[in-house]
Amino acid sequence: MLDGVATQEERSEATRGKLLAVARKLFRSRGYERTFIEDVAARAGVTKGAFYHHFPDKKAIFLAVFHETEQALMEASAAGARGPDAWSQFRAGCRAFLEASMDPGVQRIILRDGPAVLGWEAWREIDGRYSLGLIEGALQQAMAEGRVAGSVKPLAHLLFGALCEGAMMVCRAEKPRAALDEVLAQVDALLVAIETPRDGRRRH
């Protein structure tokens with residue numbers, strides 16, 4: 001910015017940010033089908049032409065919001081991954097991920113509308129891009145510390161599937177909080193079952 005005057009690039013970024021902020025609120029509260037480009041543009045205080053300058057269609061801005069929501073979910077999971085060692089941190093991170101999945105925006109944008117709007121293959125690829133790397137990294141650390149044994153990639157995919165399906169189950173449940181408690185208990189039991197005890201003996 002020169003002499004208090006925003007550059008064209010800065011104004012463009014500000015407009016894009018307004019559009020994303022409005023779209024995020026509408027997708028969260030109304031869902032994809034009931035959110036319209038006209039409403040997004042009007043609430044952001046811009047013309048439809050300005051909208052199309054940044055996004056070719058509604059699906060494009062939904063995809064951008066989807067990525068933002070995924071990033072926020074991963075940050076919440078990472079923030080909750082606390083413990084004295086890598087395995088304890090991973091277990092806490094799994095719990096934080098499932099608890100963060102209770103957020104209405106996560107449920108609506110990622111779990112409900114995401115697969116329908118993006119298609120299952122694209123949805124899973126994006127979801128995995130954010131989650132699988134973190135899971136694999138955590139497992140590698142836990143294996144290096146002797147807390148888990150096995151092959152990283154297959155185990156990461158299995159745990160990724162369990163967490164995604166657990167979040168989906170909670171999202172669709174009539175009583176989400178009760179469902180979350182059940183899923184948390186089962187995921188923790190699963191993680192305990194694959195853990196290598198500190199005495200080195202495998203559980204049977």
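**Close-up views of a nine-helix predicted model**

**Figure 1. The largest pocket is lined by 18 residues, and those nearest its centre are F90, G93, L134, I135 and A138.** Like every view here, this one shows a predicted model. The elements that each bring two or more residues to the lining of this pocket are helix 4 (58-80), helix 5 (86-100), helix 7 and helix 8. Which helix gives the most to the lining of the largest pocket? Helix 5 does, with six residues. The volume of the largest pocket comes to about 310 Å³. Sorted by class, its lining has 13 nonpolar residues, five polar ones and no charged ones.

**Figure 2. The second largest pocket has a volume of about 220 Å³.** Its lining is made by 14 residues, and W120, W123, C164, E165 and M168 are the closest to the centre of the pocket. Helix 6, helix 7 and helix 8 each supply at least two of the lining residues. Here helix 8 gives the most, with seven residues. How does the lining of the second largest pocket divide into nonpolar, polar and charged residues? There are seven nonpolar, two polar and five charged residues. For a side-by-side look with Figure 1, recall that the lining of the largest pocket has no charged residues.

**Figure 3. One cavity of 30 Å³ or more turns up in a search of the whole structure.** The space inside this cavity is about 50 Å³. Around the cavity you will find L73, F97, S101, I110, L111, W123, D127, C164 and A167. Two or more of these lining residues come from each of helix 6 (104-118), helix 7 (120-144) and helix 8 (152-172). By class, the cavity lining holds seven nonpolar residues, one polar and one charged. Two residues are worth picking out if you have just come from Figure 2: W123 and C164 line the cavity, and W123 and C164 are also among the residues closest to the centre of the second largest pocket.

**Figure 4. Helix 1 (residues 8-30) and helix 4 cross at roughly 85°, with their axes coming within 10 Å.** Helix 1 is therefore roughly perpendicular to helix 4. From helix 1, the residues that take part in the contact are R16, L19, L20, A23, R24 and F27. They meet K58, I61, F62, A64, V65 and E68 of helix 4. Counted by class, this contact has eight nonpolar residues, four charged and no polar. Helix 4 may look familiar, as helix 4 also gives two or more residues to the lining of the largest pocket.

**Figure 5. A salt bridge joins the side chains of K48 and E38, at 3.4 Å from N to O.** K48 sits in helix 3 (residues 48-54) and E38 in helix 2 (residues 37-44), so this pair ties together parts that are ten residues apart in sequence. How many salt bridges does a search of the whole structure find? The search finds twelve.

**Figure 6. The overall setting for the close-ups is a protein with nine helices and zero strands.** Read from the N terminus on, the order of elements is α-α-α-α-α-α-α-α-α. Along the principal axes, the C-alpha atoms fill a box of roughly 65 × 45 × 25 Å.

Conventions: Residues numbered from 1 in each chain as written. Predicted model: local features only at pLDDT ≥ 70, side-chain atom pairs only at ≥ 80, totals over all residues. Heavy atoms only, no water. 1 Å grid on protein atoms, 1.4 Å probe; cavity = no way out; pocket = protein on both sides within 12 Å on 5 of 7 lines; lining within 4 Å. Points joined across faces, edges and corners; volume = space filled by probe spheres on them. Helix = DSSP H or I, 4+ residues; strand = E, 2+ residues; numbered from the N terminus. Nonpolar A, V, L, I, M, F, W, Y, C, P; charged D, E, K, R; others polar. Axes fitted to C-alpha atoms, helices over the stretch in contact; angles between N-to-C directions. Parallel < 35°, antiparallel > 145°, perpendicular 65-115°, else oblique. Contact = heavy atoms within 4.5 Å. Salt bridge = Lys/Arg side-chain N within 4 Å of Asp/Glu carboxyl O.
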